[in-house]
Amino acid sequence: GTSVNSGIREDSDRNVEAMSAFVQNRFDLGRWTVTPGLCYESVDYERIDNLLDARGTDEIDELIPGLGATFEALPGTVIFGGVHRGFAPPGVADVITPAGGSVDLDAELSWNYELGVRSTPRDGTSLEATWFRMDFENQIVPASVAGGTGATLTSAGETLQQGLEFAGQLDSTA
C-alpha cells in the first residue's frame, strides 16, 4: 500500500494586543477650521510555536500626530489641507520567527500631505481636485521579486507616492 504524508507543517498561536488612544480638537475661527490631533498606538506581539516549543514576543509603540485645516474661500467653495503621520504595524508572523526570534522589521511609517479644493457652484453640481503626497520612511514590501503568499517581508526604506485626484458630480434631477 501507499501512505500519504499528512505531516503538520505549522502549529502556532499568534496573539496581538493593541491599544490606541487619541485626542483632537476642532477650532472654528470664522472662515477657517483647524483640527490638530495626536494618537498613541501600542502593539504587543506573541507567537507560540507548538511544534518547536518556542515562544517569542515583540512590542511597537508610536505617537502619531496630525493636522487638518479648511478655509471657506467663497460660499460653496472650500480649500482644505492636511499633514498626518501614517502608521501600520507588521503582522505577528512577520516580526517573530517560528523559533521565537525577533525579525528586524519596524512599523511602516509615512508623512501624508494633501491640498485641495471642493466646490458646489450650483445645486446638483460638485467638483473636487486634490493633490496628495505619501512620503514613506519605511515601506514594508515582499522580500522576493515574485511576492505572493509565503513571501517574507522587508523594509524597503524610503518611497514616495504622489499625484492628483479629480472628481465631479452632476445631478440631472436638480
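**Aromatic rings, a valine and a loop aspartate**

Tryptophan 32 is a good place to begin: with a relative accessibility of 43%, this residue counts as partly exposed. The model examined here is a predicted one.

A pair of aromatic rings is described by the distance between the centres and the angle between the planes. In this model, the count comes to 1 aromatic pair. The pair is formed by tryptophan 32 and phenylalanine 71, whose ring centres are 4.8 Å apart and whose planes stand at 40°, so the pair is tilted. Because tryptophan 32 belongs to strand 3 (residues 32–49) and phenylalanine 71 to strand 4 (residues 54–74), the pair ties together parts that are 39 residues apart in sequence.

Another ring has a charged partner: arginine 118 lies over the face of phenylalanine 80, at 4.2 Å from the ring centre.

Phenylalanine 80 also appears among the contacts of valine 117. Valine 117 is found in strand 6 (residues 108–122) and, at 33% relative accessibility, counts as partly exposed. Leaving aside residues up to four places away in sequence, valine 117 touches Thr77, Val78, Ile79, Phe80, Leu127, Glu128 and Ala129. From valine 117 to threonine 70, the C-alpha to C-alpha separation is 9.3 Å in space, while the two residues are 47 residues apart in sequence.

Finally, the loop between strand 3 and strand 4 holds aspartate 53. The phi angle of aspartate 53 is near 50°, a positive value in a residue other than glycine. With a relative accessibility of 73%, aspartate 53 counts as exposed.

Note on methods:
Residues numbered from 1 in each chain as written. Predicted model: local features only at pLDDT ≥ 70, side-chain atom pairs only at ≥ 80, totals over all residues. Heavy atoms only, no water. Phe/Tyr/Trp six-rings, centres within 6.5 Å; stacked < 30°, edge-to-face > 60°. Helix = DSSP H or I, 4+ residues; strand = E, 2+ residues; numbered from the N terminus. Buried < 20%, exposed > 50% of the residue type's maximum accessible area, 1.4 Å probe, protein only. Lys NZ or Arg CZ within 6 Å of the ring centre and 35° of its normal. Contact = heavy atoms within 4.5 Å.
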